[in-house]
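Open the model in your viewer and keep the sequence panel visible. The tour goes from one selection to the next and says what is found at each.

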Amino acid sequence: MGLTLDSVVTLPSGATLPVLGFGTAGATGRTCVAAVGEALRVGYRLIDTASMYGNDREIGIAVRESGIPREDIFITTKVASSGQGPRSTPKALEASLIRLGLDYVDLYLIHWPARRKRVATWEAMTSFLESGLARAIGVSNFMVGHLEELRAANDTPPAVNQIELSPFLQQREVVADCRAHGIQVEAYSPLTRGRRLSDPTITRMAAKYGKSPAQVLIRWSLQHDFVAIPKSARPERIRENAEVFDFTLAPADMESLDRLDRGQHFDWDSSHVP
Ligand code: NDP
């Protein structure tokens with residue numbers, strides 16, 4: 001059966017991660033409450049935040065105002081580098097939960113592979129699974145070397161690796177490593193932060209399928225089995241970005257999009273972090 005906005009992937013802990021989520025970086029204050037409220041009305045059930053975004057209070061408000069049962073919404077947040085370390089990480093999660101006004105998060109991620117801190121951070125995070133404060137734990141911006149180091153140090157694998165992915169940045173090596181080890185790949189900045197929406201291959205596909213460039217990019221992510229978390233603060237785009245389940249990019253068109261790989265980051269690049 002084809003994917004829908006209700007489709008999920010089941011993580012090893014049993015937590016179910018929606019295939020399409022809603023990004024919130026840069027959305028703050030009332031704009032954030034309104035955007036997350038709109039996303040929940042449209043039917044998104046995965047909301048992605050981070051302590052760095054400074055919007056967890058607003059997300060908590062939008063979740064409560066939605067009237068949707070807590071257990072039907074999947075909330076991801078992340079520990080910033082400043083919150084990493086064996087003693088700091090439990091405090092960072094506690095502070096996030098207080099700001100969100102929640103008893104648990106569905107997914108807690110190490111935001112960045114902070115050197116010398118990330119392994120001890122991961123060890124601290126495994127206790128959140130036991131205490132139930134996080135239903136799943138994972139990492140973000142981890143490259144192959146970072147994942148190998150974690151595997152060598154700890155038996156609990158990350159459920160998710162959230163990395164920047166688009167046709168212009170396919171990170172094939174780390175994606176293959178995640179697949180080989182059962183780590184779900186999540187695509188951030190799937191819309192290239194709006195920077196390549198007028199690329200001729202993307203606009204050609206958009207015209208062919210009668211969809212928008214953003215919809216083509218999201219569909220490319222989903223057809224690669226990446227969970228995608230596009231962000232928008234505008235109601236019409238929030239809706240547009242969820243209307244990606246009524247078309248399928250043909251294999252030849254996926255191949256054309258795959259040929260756009262330029263190793264081009266529109267966000268931060270962790271490949272230089274030893
Ligand atoms: P995206 O690739 O999602 O692009 C967002 C930009 O595209 C915004 O400027 C938005 O503008 C614009 N946009 C959205 N929809 C459309 C559309 N349909 N047509 C035209 N323009 C559109 O970038 P993000 O960097 O925000 O990535 C998504 C999410 O991933 C983040 O919000 C965050 O949750 C997460 N993330 C995680 C990182 C990490 O290190 N783990 C790093 C970066 C992001 P407007 O809002 O005005 O619509």
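## Stop 1: the ligand

Start with the ligand in this predicted model. Select what lies around the ligand: 30 residues surround it, and the closest are Asp48, Ser140, Leu191, Ser232 and Arg237. Switch on the pocket surface if your viewer draws one; the ligand sits in the largest pocket.

Next, show the polar contacts made by oxygen atoms of the ligand. Select Ser189: a polar atom of its side chain is 2.8 Å from a ligand oxygen. Then select Arg193, where the contact comes from the backbone, with an N or O atom lying 3.0 Å from an oxygen atom of the ligand. At Trp268, an N or O atom of the side chain is 3.0 Å from an oxygen atom of the ligand. How much of the ligand's 900 Å² does the protein bury? Taken alone, the ligand exposes 900 Å², and the protein buries 88% of that.

## Stop 2: Leu260

Move to Leu260, in the segment that follows α10 (251-258). Is Leu260 buried or exposed? Its relative accessibility is 5%, under the 20% cut-off, so Leu260 counts as buried.

Now select the residues that Leu260 touches, leaving out those up to four places away in sequence: Pro167, Phe168, Asp199, Thr201 and Ile202. Draw a distance from Leu260 to Ile202, between C-alpha atoms: the two residues are 58 residues apart along the chain, and the separation is 9.6 Å.

## Stop 3: Asn154

Go to the loop that runs between α5 (144-153) and β8 (160-164), and select Asn154 there. Asn154 has a relative accessibility of 14% and therefore counts as buried.

Show its side chain and look for the backbone nitrogen of Thr156, which the side chain of Asn154 reaches at 2.8 Å. With residues up to four places away in sequence set aside, Asn154 touches Trp122, Glu123 and Thr126.

## Stop 4: Arg87

Finish at Arg87, in the loop between β5 (74-79) and α3 (88-100). Is Arg87 buried or exposed? At 68% relative accessibility, over the 50% cut-off, Arg87 counts as exposed.

For a last distance, pick the C-alpha atoms of Arg87 and Thr192. These residues are 105 residues apart along the chain, and their C-alpha atoms are separated by 36 Å.

Note on methods:
Residues are numbered from 1 along each chain as its sequence is written. This is a predicted model: local features need pLDDT of at least 70, side-chain atom pairs count only at pLDDT 80 or more; totals for chains, interfaces and linings use all residues. Side-chain values use heavy atoms; hydrogens and water are left out. Helices (H or I, at least four residues) and strands (E, at least two) are DSSP runs, numbered from the N terminus. Buried means under 20% relative accessible area, exposed over 50%, partly exposed in between (1.4 Å probe, protein chains only). Contact means heavy atoms within 4.5 Å. A residue is near a molecule or strand if one of its heavy atoms lies within 4 Å of it. A polar contact is a pair of N or O atoms within 3.5 Å; within protein, one must be able to donate a hydrogen and the other to accept it, and residues adjacent in sequence count only if both atoms are side-chain atoms. Accessible areas come from the Shrake-Rupley method with a 1.4 Å probe; for residues, only the protein chains shown count as cover. On a 1 Å grid over the protein atoms alone, a cavity is a set of points where a 1.4 Å probe fits but cannot get out, and a pocket is an open set with protein on both sides within 12 Å along at least five of seven lines; lining residues have an atom within 4 Å of a point. A molecule sits in a cavity or pocket if more than half of its atoms lie within 2 Å of its grid points.
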